[in-house]
Every structure is written in structure tokens, then in C-alpha cells.
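Let's walk through this structure together, one region at a time. Keep the 3D view open and turn it as we go.

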Amino acid sequence: MLMQTAAGKLMKVFLTRRIPPEGMKILSAAGVCEVSQWDSDEPVQRADLLKGVQGAHGLLCLLSDKIDAEVLDAAGPNLKVISTLSVGYDHLAIDEIKKRGIRVGYTPDVLTDATAELTVALLLATARRLPEGVEEVKNGGWSSWKPLWLCGYGLSGSTVGVIGLGRIGMGIARRVMPFGVKRLLYSGRTAKDYAAEVNGEYVPLDTLVSESDFIVVSCSLTPETQGMCDKAFFSKMKNTGVFVNSSRGTVVNQEDLYEALSSRQIAAAGLDVTTPEPLPANHPLLTLKNCVVLPHIGSATYSTRGIMGALSAQNLLGGLQGTDMPSELTF
């Protein structure tokens with residue numbers, strides 16, 4: 001049976017971007033909604049978002065879409081559900097959404113493995129200077145073998161510190177331990193029982209920062225973690241330390257990171273997230289050889305993005321039909 005409004009019309013949903021085909025197939029097959037979409041791989045313009053959401057019963061959005069009171073007002077009282085194609089939800093005005101009784105779906109868990117893999121790849125690429133090596137081959141800098149040319153830092157016998165040992169943090173820890181890591185430190189709000197699997201030591205943040213050879217940030221963005229990685233933070237790191245962030249760009253004060261890298265206060269940094277995104281091509285961090293920046297591709301495998309698309313569609317349908325959502329955010 002088709003899910004219809006009291007007026008007998010299909011429920012209207014607005015998609016703020018092209019989504020993976022797995023998600024579109026689910027929405028089409030369900031036959032419960034009339035889909036309108038910002039038909040582009042680029043972010044929807046604000047004016048088009050406000051227009052597109054008018055009268056919608058459901059909204060499927062991305063991390064780059066700011067869903068605030070203005071958008072909710074534009075949508076009007078029909079809006080029942082917001083489904084975000086992301087694990088993060090700091091782009092959503094949760095208090096406003098909660099106040100209006102709108103349900104929220106998101107896509108946790110499914111991108112854990114892909115993001116953990118990418119983070120370890122970024123750590124290795126940064127520590128072993130892979131982008132520099134590729135560039136030297138291309139620009140003719142590769143001449144005879146030199147004992148200390150392009151030397152970096154290895155994981156064997158090292159201490160790795162993970163800030164935020166949640167799903168992704170634990171996925172990173174599991175993947176680095178087989179490299180011969182000697183100690184795995186972690187910090188966060190509470191000690192985790194499951195850390196025993198990787199012999200994780202729960203320590204204060206200052207201890208983690210000062211004792212780790214590699215620091216990986218995989219925490220949530222909260223008022224406490226915003227701007228956490230600043231001048232004081234970097235000044236406590238070893239000068240051979242490697243810093244990696246695959247959480248949220250605003251956890252890092254990028255001006256302070258630039259100073260720490262350019263002055264060799266720390267050895268290197270790898271970032272999959274920045275502020276803003278995209279990072280301008282003339283940003284000072286991009287002038288540094290010891291800073292590797294990726295364009296937020298943590299979850300970018302074909303299978304993961306397909307599963308995310310399907311889950312976001314299923315969440316949307318659950319919200320429209322008043323049934324269970326596979327991954328509903330609880331307030």
C-alpha cells in the first residue's frame with residue numbers, strides 16, 4: 001500500500017544531493033514518496049535548499065548542509081524526518097529538531113572499517129613521507145641512494161596515542177597493533193572495558209600527548225574537544241611526534257598546527273579533515289612538506305558509500321511511515 005498524506009498524495013521528500021544508487025533504488029521501490037533532488041555532486045545553494053524543502057515530509061541531507069531553524073521553518077509543519085548521509089550530526093540544530101518532534105536518522109557503524117583503514121593509511125603515508133617520495137620520483141629528485149634521504153618514523157616499538165577510543169578509534173587501534181606497537185594509550189571521557197583487546201592504557205590527555213610517538217584524533221566534536229589541539233597541545237608533543245586527525249577539522253587550531261610544523265616543534269601531520277572544507281589551495285598548511293592533507297575521504301570506498309546510501313534511504317522511509325529506523329539518533 002502506498003504511504004499517502006490525508007489528501008491522498010504521495011509524501012514529498014527532498015534530497016540535497018545525488019546519493020549512491022543503492023539509496024535511490026530503495027526510495028523508488030518503496031513507492032511511498034515523491035522525490036525531488038538537488039541534481040548535482042556539488043553542495044546545494046542555500047536559496048535552493050530553502051526552496052526545495054518547502055512542504056517536505058522528509059529531508060535527506062549531507063554533512064555539508066546546515067540544517068537550522070531557518071531550514072526547518074521553510075520546510076513547515078509537514079516535516080517528520082531528517083536522514084543524514086553521515087555518522088556526524090553537528091550540522092543539525094538538534095535542539096530545534098527535538099523541539100519540533102522531528103526524527104533523525106544517521107549512518108554510524110557502517111563507515112567504521114573504511115575510516116579506520118584510511119586513518120592508518122594516512123598515518124603511514126605521513127610518517128614514512130610517501131607523498132614526498134612520489135614527488136621526488138616525478139620531479140627528478142631521485143638520484144643515488146643516500147643513507148638519510150626521505151627517512152621517516154616507523155610504528156615498530158612505538159607508542160601510539162588514540163584520542164577517543166570509540167568505534168573508529170578502536171578500529172584504528174586494532175589495525176596498528178600488528179605493526180609491533182609497544183604501547184597503546186588512549187584518552188576520553190571514560191575508560192573502556194574493550195580496550196583490553198589491544199592492551200590499551202587509559203591515561204590523562206597530557207600524558208598521552210607527551211608520551212606518544214604517534215597521536216591519532218578520532219573523537220567526537222563537542223564543546224570540550226573544539227580547538228583542543230592548540231599551541232599548548234603541540235608544545236607537549238615530542239619533536240619526533242606525528243599527529244593525525246580524521247575526526248573533525250575544528251578539533252584542531254590550524255594556525256597553531258602550522259606553527260608547530262614549520263618550526264619543527266613536531267615532525268609531521270596528516271589531516272583528512274580541515275577547516276574549512278575544502279581547504280583553499282593557497283592555505284599555508286599546503287606549503288609544508290611535512291603536512292599531508294586529504295580531501296575528507298575517510299569513508300570513500302564504493303561498498304561503504306553504497307551501504308550509507310541504502311541506510312539513509314531506509315532511515316528516511318522509517319521516519320515517513322512512523323516505523324522503526326535502522327539507525328535513529330536518540331536525543
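In which helix does Gln 321 lie? Gln 321 lies in helix 11. Please keep in mind throughout that this is a predicted model.

Helix 11 is a good place to begin. The helix runs over residues 302–321. With 20 residues at 1.5 Å each, helix 11 should span 28 Å, and its end C-alpha atoms are 29 Å apart, so the two values agree. Most of helix 11 is covered, with 14 of its 20 residues buried. Gln 321 itself counts as partly exposed, because its relative accessibility is 34% and the partly exposed class lies between 20% and 50%. If you would like a long ruler across the model, take the C-alpha atoms of Gln 321 and Lys 182: they are 139 residues apart along the chain and separated by 51 Å.

Just past the helix, the chain reaches Gly 322, which follows helix 11 and has a positive phi near 70 degrees. Met 325 is found in the segment after helix 11. Is Met 325 buried or exposed? Met 325 counts as buried, because its relative accessibility is 8% and the cut-off for buried is under 20%. Between the C-alpha atoms of Met 325 and Val 176 there are 34 Å, with these positions 149 residues apart in the count along the chain.

Now step back to the domains. The protein is divided into domain 1, made of 11–109 + 302–329, and domain 2, which covers 130–289. Taken over C-alpha atoms, the centres of domain 1 and domain 2 are separated by 33 Å.

The UniProt record offers another way to divide the chain. Its unreviewed entry places the feature "domain: D-isomer specific 2-hydroxyacid dehydrogenase catalytic" at residues 13–328. Over residues 13–328, the chain is 34% helix and 15% strand, and the end C-alpha atoms are 18 Å apart. The annotation "domain: D-isomer specific 2-hydroxyacid dehydrogenase NAD-binding", also from an unreviewed UniProt entry, covers residues 120–298. Over residues 120–298, the model has 28% helix and 16% strand, with 10 Å between the end C-alpha atoms.

Let's look next at some backbone details. Asp 109 is found in the loop between strand 5 (103–105) and helix 5. The phi of Asp 109 is near 65 degrees, a positive value in a residue other than glycine. At 45% relative accessibility, Asp 109 counts as partly exposed. Arg 129 is not a glycine either, yet has a positive phi of about 60 degrees. You will find Arg 129 in the loop between helix 5 and helix 6. The relative accessible area of Arg 129 is 27%, which means that this residue is partly exposed.

Arg 129 also leads us to a pocket. Which residues lie nearest the centre of the second largest pocket? They are Arg 129, Glu 132, Ala 268, Lys 289 and Asn 290, out of 19 lining residues. The volume of the second largest pocket is about 290 Å³. Helix 5 (112–127), helix 6 (130–139) and strand 12 (291–293) each contribute at least two residues to its lining. The largest share, three residues, comes from helix 6. Sorted by class, the lining of this pocket holds 10 nonpolar, four polar and five charged residues.

From strand 12 we can move back into the loop that joins strand 11 (268–271) to it, where Pro 276 is found. The peptide bond between Thr 275 and Pro 276 is cis, with omega at about -5 degrees. Pro 278 has its place in the loop between strand 11 and strand 12 as well. The bond from Glu 277 to Pro 278 is also cis, and here omega is near 0 degrees.

One last stop is Arg 174, which is found in helix 7 (residues 167–176). Arg 174 is partly exposed, because its relative accessible area is 41%. Arg 174 and Leu 184 are 10 residues apart in sequence, and their C-alpha atoms are 10.0 Å apart in space.

Note on methods:
Residues numbered from 1 in each chain as written. Predicted model: local features only at pLDDT ≥ 70, side-chain atom pairs only at ≥ 80, totals over all residues. Heavy atoms only, no water. 1 Å grid on protein atoms, 1.4 Å probe; cavity = no way out; pocket = protein on both sides within 12 Å on 5 of 7 lines; lining within 4 Å. Points joined across faces, edges and corners; volume = space filled by probe spheres on them. Helix = DSSP H or I, 4+ residues; strand = E, 2+ residues; numbered from the N terminus. Nonpolar A, V, L, I, M, F, W, Y, C, P; charged D, E, K, R; others polar. UniProt positions renumbered as here; feature names shortened; annotations may be inferred. Expected span 1.5 Å × (residues − 1). Buried < 20%, exposed > 50% of the residue type's maximum accessible area, 1.4 Å probe, protein only. Domains from an automatic or database assignment.
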